[in-house]
Amino acid sequence: MVEALKIGLLGLGTVGTATAGILLSPESRHPLLKEIEIAKVGVKTLDKRRAVEFADGVLTTDLEAIVTDPDLDIVVELIGGLEPARSLILKAISHQKHVVTANKAVISRYGEEIYRAAAEAGVYVLIEAAVGGGIPIIRPLQQSLSVNRIDSILGIINGTTNFILTKMATEGSDFSEVLTEAQELGYAEADPSADVDGYDAADKITILATLAFGEQVSLEQVSCEGIRQVSAVDIQYAERLGFEIKLLAIAQREQSGLQVRVHPTLVPKEHPLANIDGVNNAILVEGDPIGQVMFYGPGAGGGATASAVVSDLMNIAAMLKVSQAVNPLLKIPQHPRRELVPIQELVTRFYARIICIDRPGVIGNLGTCFGKHKVSLESIVQIDFNNGFAEIVVVTHNVKEENFRQALAEIPHLDAIEQIQIPSVLRVLREK
Ligand SMILES: NC(=O)C1=CN([C@@H]2O[C@H](COP(=O)(O)OP(=O)(O)OC[C@H]3O[C@@H](n4cnc5c(N)ncnc54)[C@H](OP(=O)(O)O)[C@@H]3O)[C@@H](O)[C@H]2O)C=CC1
Ligand SMILES: N[C@@H](CC=O)C(=O)O
Ligand code: NA
């Protein structure tokens, strides 16, 4: 009889419960799942009602005892947050346990430390669930695509914000109502600001870029803007101009180095990322010689994420059958750290919505000011008029971010411009 691998599950929330659900019903799934046994489950509170039941003594609040338990082979960290998650992962590794985690916040900040410890201990740390939920993206970058030189990664990699933007666009829903719905569905982070302000997507693109570009990306250098400034009005105007607004995470090789950023972006309707709706994520990878490959599917939610967690467990189970040595294709290599190209040097297109008193010369003055700062306009249109105020929308061609910002700073000082407001400035997916 084959002896089962014993796992310690840390966390029995949205993802932990769905992970246990798969492992406790292995019928008609891969036969290796029958060789994985949940031996311990660590939670915060014992007296909560749970959707899955365990034998007496399995559930505990002593997580330290789980990660040091000599009978356990693998620790699955699904509690989220930075601490105690980071310390528990490191302690599990130092006790020779393989680790599976969905915790992008910890990996984007402490990945180097964790991978170094894992390499020294000779154990696996697998993170497929940390990016794109159920979508396989970590393993393809580590294995199937790793012979390519990657040029860019463009992704919708936060399910909560894509769910919110989709509902705002298609149902005219209110931002905070949809956020509550995303929380109820288990998509949002414990602190939803991580989703809404773009930090979760920044964690994920840091992980992907580090894997894909062969250099360790520093999270603090990733430029990050969330979706709070995106209003229903902008979504409607973008629609009229032929765009969808999406929160994009972008890592691109530029001539001067690597550029990594997260921001709401106007995406032309004919672009493959424009039609990714709801909680779905999509990641468009472009490499040489393969060209473009797109990964698409559910980016958040218990079941989808648990699918990735359990696939990591199954990979470890399979690898341990053939060797105790760590498969180099499943190891995250240690890369040198390099400075990212700052956002001021970005070349992109912009959308800006400008409100000011409607008087002759306004559009001409704006056009001249943009021209002076080498900002070439694709369109400048007065979309609305209300109580003497004009609402003007500008879309540029490719322009250097710094030049565009200089033009915006000068606009309030132009002769014909009075009582100006610029409620939104958004980037538009750049022209090739
Ligand atoms: N939800 C999703 O769609 C996705 C989530 N992730 C990641 O998966 C991880 C888990 O997320 P999710 O399942 O949504 O989170 P939940 O908040 O639903 O669950 C967290 C679980 O961890 C337990 N827990 C939290 N802190 C502690 C602690 N200090 N000590 C002991 N137990 C603790 C909680 O215990 P108790 O039940 O007693 O409160 C709960 O069971 C996070 O890293 C998240 O970023 C990744 C992809 C998608
Ligand atoms: N909060 C995250 C969960 C998955 O990573 C999201 O909405 O994408
Ligand atoms: Na994934």
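Domain bounds here come from an automatic or database domain assignment. With that in mind, let's walk through this predicted model, beginning with its overall build and ending at a single residue.

The domain assignment splits the protein into domain 1 (5-133 + 302-330), domain 2 (138-298) and domain 3 (346-428). If you measure between C-alpha centres, domain 2 and domain 3 lie 26 Å apart. The two do meet: 12 residues of domain 2 are in contact with 10 residues of domain 3. On the domain 2 side of that meeting place, α10 (232-240), β9 (243-254) and β10 (257-268) each supply at least two residues. The largest share, five residues, comes from β10. Sorted by class, this side of domain 2 has six nonpolar, five polar and one charged residues.

Now step back to the whole chain. The protein's secondary structure comes to 13 helices and 17 strands. Its C-alpha trace spans about 85 × 45 × 35 Å along the principal axes. How does the radius of gyration sit with the rule for a compact globule? For 432 residues that rule would give a value near 22 Å, and the protein has 24 Å, which agrees. Buried residues make up 44% of the 432 residues. Contacts also reach far along the sequence: among those between residues at least 6 apart, 74% join residues at least 24 apart.

One sheet is worth tracing strand by strand. It is an open sheet of six strands, in the order β3-β2-β1-β4-β5-β6, and its pairing is parallel. At the edges stand β3 (59-60) and β6 (125-126); each has a single partner strand, so one side of each is left without a neighbour in the sheet. Further in, strand β1 (residues 5-10) runs parallel to strand β2 (residues 36-42), and six bridges join the two. To find this pairing in the model, start at Leu 5, whose bridge partner in β2 is Ile 36.

Next come the ligands. Around ligand 1 there are 27 residues, and the closest are Gly 11, Gly 13, Lys 44, Gly 80 and Ala 300. Which element gives the largest share of this shell? That is helix α1 (residues 14-23), with three residues. The shell takes at least three residues from each of domain 1 and domain 2. By class, the residues around ligand 1 divide into 12 nonpolar, 12 polar and three charged.

Ligand 2 has its own surroundings: Gly 133, Asn 158, Gly 159, Thr 160, Tyr 187, Ala 188, Glu 189, Asp 195, Asp 200, Gly 299 and Ala 300. These comprise three nonpolar, five polar and three charged residues. Look for Ala 300 in both places, as it is among the closest residues to ligand 1 and is also listed around ligand 2.

Finally, let's visit Phe 385, which sits in strand β14 (residues 377-386). Is this residue buried or exposed? A residue counts as exposed if 12 or fewer other C-beta atoms lie within 10 Å of its own. Phe 385 has 10 such atoms, so it is exposed. Leaving aside residues up to four places away in sequence, Phe 385 touches Asp 358 and Ala 390. For a sense of distance, compare Phe 385 with Gly 155: the two are 230 residues apart in sequence and 36 Å apart in space, C-alpha to C-alpha.

Note on methods: Residues are numbered from 1 along each chain as its sequence is written. Chains are lettered from A and ligands numbered from 1 in the order in which they are written. This is a predicted model: local features need pLDDT of at least 70, side-chain atom pairs count only at pLDDT 80 or more; totals for chains, interfaces and linings use all residues. A residue is near a molecule or strand if its C-beta atom, placed from the backbone, lies within 6 Å of it. Helices (H or I, at least four residues) and strands (E, at least two) are DSSP runs, numbered from the N terminus. Ala, Val, Leu, Ile, Met, Phe, Trp, Tyr, Cys and Pro count as nonpolar, Asp, Glu, Lys and Arg as charged, and the others, Gly among them, as polar. A residue is buried if 20 or more other C-beta atoms lie within 10 Å of its own, exposed if 12 or fewer, and partly exposed in between; C-beta atoms are placed from the backbone. Two residues are in contact if their C-beta atoms, placed from the backbone, lie within 7 Å. Two strands pair if DSSP finds at least two bridges between them. The radius of gyration is taken over C-alpha atoms; the globule rule is 2.2 Å times the number of residues to the power 0.38.
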